[in-house]
Structure formats: structure tokens, C-alpha cells
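Student: I am about to look at a structure that is new to me, and I would like to understand the terms used to describe it. May I ask how each term is justified?

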Amino acid sequence: MNTLHAEWIKLRSLRSTWYTVASLFVFGLGITGLSMSGAGTEYWGGTDADRAAWDPTSQSLKTFIVAQLIVGVLGILVVTSEFATGLMQTTLAATPRRNRLLAAKAIVATAVAAVAGQVLMFAAFFIGQALLAGQDVPYARLGDPGVLRAVVGGGLYLSAIALLAVGLGAILRATAGALATLVGIVFLVPALAGLFPDWMQGIFNFWPTLGAAAIFGTVPDENFPHPWLNLGGLWLGVAAVLTAAFVVFRRRDI
């Protein structure tokens with residue numbers, strides 16, 4: 001508990017933490033407002049098939065695409081900021097049990113991302129649906145089938161990305177390297193998914209921005225019919241990366 005408390009004090013005392021959380025809401029809700037302001041034109045300008053597949057919940061939660069990068073930055077900085085400043089040696093002198101130290105960092109980063117991410121998802125949903133209602137297009141209510149699952153699942157998705165970022169930060173020890181890797185995972189690989197061989201396609205059922213992002217929708221997707229299973233697969237992948245991070249962090253010299 002002492003290690004956990006110490007990591008929380010360090011995290012909340014950094015200005016970069018509050019800048020990152022503020023950016024999450026400024027950009028996240030800003031993107032929601034911008035994207036929803038033109039949703040009426042998109043709806044009425046679409047085909048009958050497009051309107052039948054209209055998912056107002058998913059529309060308002062698309063801000064996750066940018067939010068995942070911001071919570072990723074938070075997770076990375078929890079680890080790499082101490083490597084960059086040389087404070088990691090001091091921290092390890094105070095807490096020589098490396099597994100306990102990394103676990104505390106992971107818990108603190110994931111908790112902050114979970115709270116901030118969940119607040120963002122609820123705010124984006126309510127703001128997005130209010131904007132849709134003002135444009136006379138179908139909108140969703142929190143009690144509608146699948147809506148609460150999508151909003152809560154969105155917070156869990158962002159928490160997983162933050163935990164993934166902690167693992168990348170511990171493995172690579174450099175902010176730039178960890179961030180470049182995260183960008184490749186959440187943006188580059190999904191953009192190029194069609195170029196990968198068929199035997200690799202199954203892994204994309206659980207990949208960030210692809211299968212794992214099915215949790216944000218309420219309209220059934222024939223490609224990803226089991227959103228919770230897809231999200232669970234993402235968490236298993238994150239657990240694998242974090243396990244590697246613990247091994248590397250314990251064995252490697254600082």
C-alpha cells in the first residue's frame with residue numbers, strides 16, 4: 001500500500017498528468033461535438049441501408065479513436081518519465097522490489113485512465129445524443145438495449161490501452177519509442193490489416209481499433225458478433241505484454 005500511495009502522489013504531482021487528462025476531455029469532447037454537428041447530413045444523405053444500420057451510440061463514442069492515444073501517453077509517462085530524468089534509480093533504492101513497483105505504477109495508471117475514460121464516455125454519449133436529437137435524427141437513450149454496455153465497455157477499453165502503454169513504457173524505457181509502438185498498434189496495423197495473410201486475420205478480432213472496438217456499437221456487426229469476447233481478448237493480449245514487461249523490468253539493469 002505504501003508503494004501504491006507513493007506512486008499516486010508522484011503521478012498527481014506531475015503537471016504533465018493534469019495536462020494529459022485535460023487534453024483527454026478537451027479533444028475528446030471537442031471531436032464529439034464536431035462529428036455530431038454534421039451527423040444529420042450524414043444520416044439523411046445516406047441510403048436506406050445506411051439508415052437501417054444507423055448506430056447513434058457508436059457515432060457519439062467515436063472519440064475513442066483519439067482518446068486511446070491520449071490515455072496511452074498517460075500510461076507511458078508513468079514509467080518513462082522516471083527513466084528520462086534518472087529518478088528511476090532513486091525510486092528503486094526506496095522500493096527495491098521491482099515487481100511491486102511496476103505493479104503499483106500499472107494500478108495507478110489504469111485507475112486514473114478508468115475513471116477519466118469512463119467519465120469521457122458518458123459525457124460523449126450524452127452530448128452526442130443531445131446534438132443528434134437537435135437535428136431530428138434517431139438518437140439513443142442510456143436505457144436502450146446495448147447502450148449502457150457500449151458506454152461502460154468503452155471505459156474498460158480505454159483502461160486496457162493505458163495498461164498496454166505501461167507495459168510498452170517498461171519494455172522500451174523511452175517515451176518516443178513506446179509512443180511510436182503504441183501508434184503502430186492502434187493506428188498503423190488496423191489501417192493495413194487487409195494486407196496481412198489470412199492466417200493472421202483471427203488476431204484482429206481482439207486488436208485495438210478493430211475487433212476490440214466492437215464494444216462501442218449497439219447494432220450487431222457480423223464481423224465481430226461477440227463484443228465482450230473481443231474486448232476480453234484485448235485484455236488477454238495486454239496481460240501478455242505486461243507479463244513481458246515485468247520480466248524485462250526485473251532482469252534488466254537501469
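**Terms and their grounds**

Tutor: We may begin with a loop: R173 is located in the loop between helix 9 and helix 10 (175-191). Please keep in mind that this is a predicted model.

Student: What makes R173 partly exposed?

Tutor: A residue is partly exposed when its relative accessible area lies between the buried limit of 20% and the exposed limit of 50%. R173 has a relative accessible area of 29%, and therefore counts as partly exposed.

Student: What is notable about the phi of R173?

Tutor: Most residues other than glycine have a negative phi. R173 is not a glycine, and yet its phi is positive, at about 65°.

Student: Which other residue has a positive phi without being glycine, and where is that residue found?

Tutor: D136 has a phi near 60°, and D136 belongs to the loop between helix 8 and helix 9.

Student: Why is D136 called exposed?

Tutor: Exposed means over 50% relative accessible area. The relative accessibility of D136 is 62%, so D136 counts as exposed.

Student: How do you know that the length of helix 11 agrees with its number of residues?

Tutor: The expected span is 1.5 Å times one less than the number of residues. For the 25 residues of helix 11 (residues 227-251) this gives 36 Å, and the end C-alpha atoms are 37 Å apart, so the two agree.

Student: Which residues of helix 11 are buried, and what covers them?

Tutor: The buried residues of helix 11 include P227, N230, L231, G233 and L234, as well as V238, L242, A245, F246 and F249. Their cover includes helix 6, helix 7 (88-94), helix 8 (98-133) and helix 9 (147-172).

Student: What makes a space a cavity, and how many cavities of 30 Å³ or more are there?

Tutor: In a cavity a 1.4 Å probe fits but cannot get out. The structure holds 2 cavities of 30 Å³ or more. The largest cavity has a volume of about 40 Å³, and the second largest cavity likewise has about 40 Å³ of space.

Student: Which helices contribute to the lining of the largest cavity?

Tutor: Helix 2 (15-37) and helix 6 each supply at least two residues, and helix 6 gives the most, with 4 residues. Among the lining residues are L11, T17, L74 and S81. By class, the lining has 5 nonpolar, 4 polar and no charged residues.

Student: How is the lining of the second largest cavity made up?

Tutor: Helix 2, helix 6 and helix 8 each supply at least two residues there. The lining divides into 8 nonpolar, 1 polar and no charged residues, and V21, I70 and A113 are among them.

Student: What is the volume of the largest pocket, and which residues are closest to its centre?

Tutor: The largest pocket has a volume of about 470 Å³. Of its 24 lining residues, D55, S58, G217, V219 and D221 are the closest to the centre. Helix 5 (56-60) and helix 6 (64-85) each supply at least two residues of this lining, which divides into 14 nonpolar, 5 polar and 5 charged.

Student: How confident is the predictor in the chain?

Tutor: The average pLDDT of the protein chain is 92, and 100% of the residues score at least 70. Among the elements, helix 4 (residues 48-52) has the lowest mean pLDDT, 82, and helix 9 the highest, 97.

Key:
Residues numbered from 1 in each chain as written. Predicted model: local features only at pLDDT ≥ 70, side-chain atom pairs only at ≥ 80, totals over all residues. Heavy atoms only, no water. 1 Å grid on protein atoms, 1.4 Å probe; cavity = no way out; pocket = protein on both sides within 12 Å on 5 of 7 lines; lining within 4 Å. Points joined across faces, edges and corners; volume = space filled by probe spheres on them. Nonpolar A, V, L, I, M, F, W, Y, C, P; charged D, E, K, R; others polar. Buried < 20%, exposed > 50% of the residue type's maximum accessible area, 1.4 Å probe, protein only. Contact = heavy atoms within 4.5 Å. pLDDT = per-residue confidence, 0-100.
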